[in-house]
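Colleague: I'm new to this one and would love a close look at a single part of it. Could you pick one helix and walk me through its surroundings?

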Amino acid sequence: MELVKVRFKVNGEEVNLEVKPYETLLETLRERLELTGAKEGCGLGACGACTVLLNGKPVRSCLVLTPEVEGAEITTIEGLKEGERLHPLQEAFIQHGAVQCGFCTSGMILTAKALLDRKPKADRAQIVRSISSNICRCTGYKKIIEAVEAVSQRMAE
Ligand code: FES
Ligand code: FES
């Protein structure tokens, strides 16, 4: 099978690969680049566990083909830390107990990050709407919403 050359950035680092034409971004991230923060839940675009940022926008990486991201900038959960400091959303998830099994967490945080990048003072309704298609089977969502809200309220001060 003919492989496709693709070049893009992941967490600020340039990546040059040859991939199968139908390889998904989720496979590339997890299996080639060993960035396993994005999880494979449904593999069908329904759960949000595989969410990463593509040029700043949340996408379901199980639905994106790697050849489609030529020239793009991808951010995964591994890229959120600044040095040794966790991102404020990561800290808030820990402080608010918004993580149980953790399977949904990277997708939730990246979805919330995209919202707060656009709307730093997002209110509760906007937060709920933004994460509404990310499924969490453990937390009941309340603590996740509170964690994101705590960060947006800090931005509003
Ligand atoms: S694994 Fe991609 S949306 Fe569920
Ligand atoms: S913490 Fe388990 S799925 Fe959300």
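Modeller: Let's take α2, in what is a predicted model. Its buried residues are Leu89, Gln90, Ala92 and Phe93. Looking down the axis of α2, you'd see these buried residues fall within an arc of 165°, so they line one face of the helix. Turn to the face of α2 that points away from the buried side, and you meet the exposed residues Ile94 and Gln95. As for what the buried residues of α2 pack against, that would be α3 and α5. Just after α2 comes glycine 97, with a positive phi of about 65°.

Now zoom in on Phe93, one of those buried residues of α2. Setting aside neighbours within four places in sequence, phenylalanine 93 is in contact with Ala98, Val99, Thr105, Met108, Ile109, Ile144, Ala147 and Val148. Pick Thr105 from that list and look from its side. Threonine 105 sits in helix α3 and, again leaving out neighbours within four places in sequence, is in contact with Phe93 and Val99. Is threonine 105 buried or exposed? Its relative accessible area is 11%, and the cut-off for buried is under 20%, so threonine 105 counts as buried.

Since α3 and α5 both pack against α2, let's see how those two helices meet. Helix α3 covers residues 105-118 and helix α5 covers residues 142-156. They pack at an angle of about 30°, and their axes are 11 Å apart. The crossing of α3 and α5 is right-handed. On the α3 side, the residues that meet α5 are Met108, Ala112 and Leu116, and their partners in α5 are Ile144, Val148, Val151 and Ser152. By type, the residues of this contact split into six nonpolar, one polar and no charged.

There's one more helix to bring in, α4. Here the buried residues are Ile127, Ser130 and Ile131. They cover an arc of only 85° around the axis, and that puts them on the same side of α4. What covers the buried residues of α4 includes α3 and α5, the two helices that the buried residues of α2 pack against.

Now put the pieces together. Nonpolar side chains tend to be buried together in soluble globular proteins. In this model the largest nonpolar core has 24 residues, and the ones that touch the most other members are Leu89, Phe93, Met108, Ile144 and Val148. You'll recognise Leu89 and Phe93 from the buried residues of α2, and Met108, Ile144 and Val148 from the contact of α3 with α5. The elements giving two or more residues to this core are α2 (88-95), α3, α4 (124-131) and α5. Which of them gives the most? That's α3, with seven residues. There is also a second, separate core of 19 residues, and Val6, Phe8, Leu29 and Val52 are among them.

What about the loop that runs into α5? Tyrosine 141 is found between α4 and α5. Its phi is positive, about 75°, although tyrosine 141 is not a glycine. Most residues other than glycine have a negative phi. With a relative accessible area of 28%, tyrosine 141 is partly exposed. Elsewhere, asparagine 55 also has a positive phi, near 50°. You'll find asparagine 55 in the loop between β3 and β4 (57-60), and at 53% relative accessibility it counts as exposed.

One last stop takes you back to α3 from another direction. Lysine 39 lies in the loop between α1 and β3, and is partly exposed at 23% relative accessibility. Along the chain, lysine 39 and glycine 107 are 68 residues apart, but their C-alpha atoms are separated by 8.1 Å. Not counting residues up to four places away in sequence, lysine 39 touches Leu26, Arg30, Ala49, Cys50 and Phe103. Alanine 46 is in the loop between α1 (25-32) and β3 (51-54) too, partly exposed with a relative accessible area of 45%. Leaving out neighbours within four places in sequence, alanine 46 is in contact with Arg60, Ser133 and Ile135.

Definitions and conventions
Residues numbered from 1 in each chain as written. Chains lettered and ligands numbered in written order. Predicted model: local features only at pLDDT ≥ 70, side-chain atom pairs only at ≥ 80, totals over all residues. Heavy atoms only, no water. Axes fitted to C-alpha atoms, helices over the stretch in contact; angles between N-to-C directions. Helix = DSSP H or I, 4+ residues; strand = E, 2+ residues; numbered from the N terminus. Left-handed = near helix turned anticlockwise from the far one by under 90°. Contact = heavy atoms within 4.5 Å. Nonpolar A, V, L, I, M, F, W, Y, C, P; charged D, E, K, R; others polar. Buried < 20%, exposed > 50% of the residue type's maximum accessible area, 1.4 Å probe, protein only. Core = buried A, V, L, I, M, F, W, Y, C linked by side-chain atoms within 4.5 Å. Arc of directions from axis to C-beta.
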